[in-house]
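Reader: I would like to know how the labels used for a structure are earned. Could you take me through some of them?

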Amino acid sequence: MGLIERWVTRLQGAGMPSETVPGAERRLTDPERIAKVLQQLVDERALVSVRLPGSDEYFLTTILRVDRRKRSFRLDEISPRHGHDVFLAERSLRASCRLSGIEVAFSGTLASVAVERGIAVYTLPFPHLVHYHQRRASYRASVGTGYATTLRTQHPEAGTLVAEVRDVSTGGLGLRMQLPDTVPLASGDRLSDCLVFFPEGRSLRCELEVCHVARREGSRWTLVGTRFIQIQRRDQVPLAQFVVRLERERLKLRTAHFTLSRLPALIERLSTP
């Protein structure tokens, strides 16, 4: 097992998301298998992202319990609070989350709602279909504004190109750059002699292969997905550590947002005799 593979294994063992085969999607329809997936989400205390009809906002909840006999499950109160009102009115949702690095998605319909110590608890029947989607060969973490990372490379026609690193994984980089229309860049092209500048002064040299290019009409930015072709062995561990650092920060912020949004309800629950 190579150095990168050992790091990915350690990330999985630590509960960090890791993705596998591109496009490998399973559709679960058997109630017993669906119950097993839902119970795993309970056991892992996974945060569930929720979309509601008529809203572009993302809400958060968790699955509290699974009732295999009744083929139903219970959700904690949706946060922020106004999502609760929308859910009661629309009575349907679209949920998604990660389970050991695998994307799980399903639709749900509200059957009933109860209030336990000041906090709403929803009961929903098992979904008829659960999407169980495996994606990349390595987890790709978004680079936040506090972790500015750039790449500099040489193009045979445009000369020096500078790109903003939007996401990073042990397998490649997602880039955003201002690329003139006269400069050709397509899937399969190679970016040689790349120098990536990480926060705190760290850098690494690599060679990249372009996997896809997206030019948005009316925008001066071009989005470029790449994979590593060549990277020094000494740079592999710091790269993996940076991915872990980004993901831990994302999870910390997401958990903090969820906790703060629930704080008033929790205080009310604790103060109730």
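Author: What follows is a set of labels, each checked against its cut-off, in a predicted model.

Reader: Why is Cys194 called buried?

Author: Buried means under 20% relative accessible area. Cys194 has 0% relative accessibility, so Cys194 counts as buried. Cys97, with a relative accessible area of 8%, is buried by that cut-off too.

Reader: How do you know that Cys194 has no bond to the closest cysteine sulfur?

Author: A disulfide needs two cysteine sulfur atoms within 2.5 Å. The sulfur of Cys194 is 4.8 Å from that of Cys206, the closest one, so the two are too far apart for a bond. The count of disulfides comes to 0.

Reader: What makes Glu116 and Arg74 a salt bridge?

Author: The cut-off is 4 Å between a side-chain nitrogen of Lys or Arg and a carboxyl oxygen of Asp or Glu. The closest N and O atoms of Glu116 and Arg74 are 3.3 Å apart, so the pair counts as a salt bridge. Glu116 lies in strand E8 and Arg74 in strand E5, 42 residues apart, so the pair links distant parts of the chain. Salt bridges that share partners also join Arg65, Arg74 and Glu116 into one network.

Reader: Why is Glu116 called partly exposed?

Author: Partly exposed runs between the 20% for buried and the 50% for exposed. Glu116 has a relative accessible area of 31%, so that label applies. Arg74, at 22% relative accessibility, is partly exposed as well.

Reader: In the salt bridge of Arg190 and Glu207, which side chain is buried and which is exposed?

Author: Arg190 has 54% relative accessibility, and exposed means over 50%, so Arg190 counts as exposed. Glu207 has 17%, under the 20% cut-off, so Glu207 counts as buried. Their N to O distance is 3.5 Å.

Reader: What makes the pair of Glu209 and Arg227 a salt bridge?

Author: Their closest N and O atoms are 2.6 Å apart, within the 4 Å cut-off, so the label holds. Glu209 is buried at 19% relative accessibility, while Arg227 is partly exposed with a relative accessible area of 40%.

Reader: How do you know that the buried residues of H2 line one face of the helix?

Author: The buried residues of H2 are Ile34, Ala35, Val37, Leu38, Leu41 and Val42. Seen down the axis of H2, they fall within an arc of 165°, so they line one face. On the other side of H2, Lys36 and Asp43 are exposed.

Notes. Residues are numbered from 1 along each chain as its sequence is written. This is a predicted model: local features need pLDDT of at least 70, side-chain atom pairs count only at pLDDT 80 or more; totals for chains, interfaces and linings use all residues. Side-chain values use heavy atoms; hydrogens and water are left out. Buried means under 20% relative accessible area, exposed over 50%, partly exposed in between (1.4 Å probe, protein chains only). Helices (H or I, at least four residues) and strands (E, at least two) are DSSP runs, numbered from the N terminus. The arc is that of the directions from the helix axis to the C-beta atoms.
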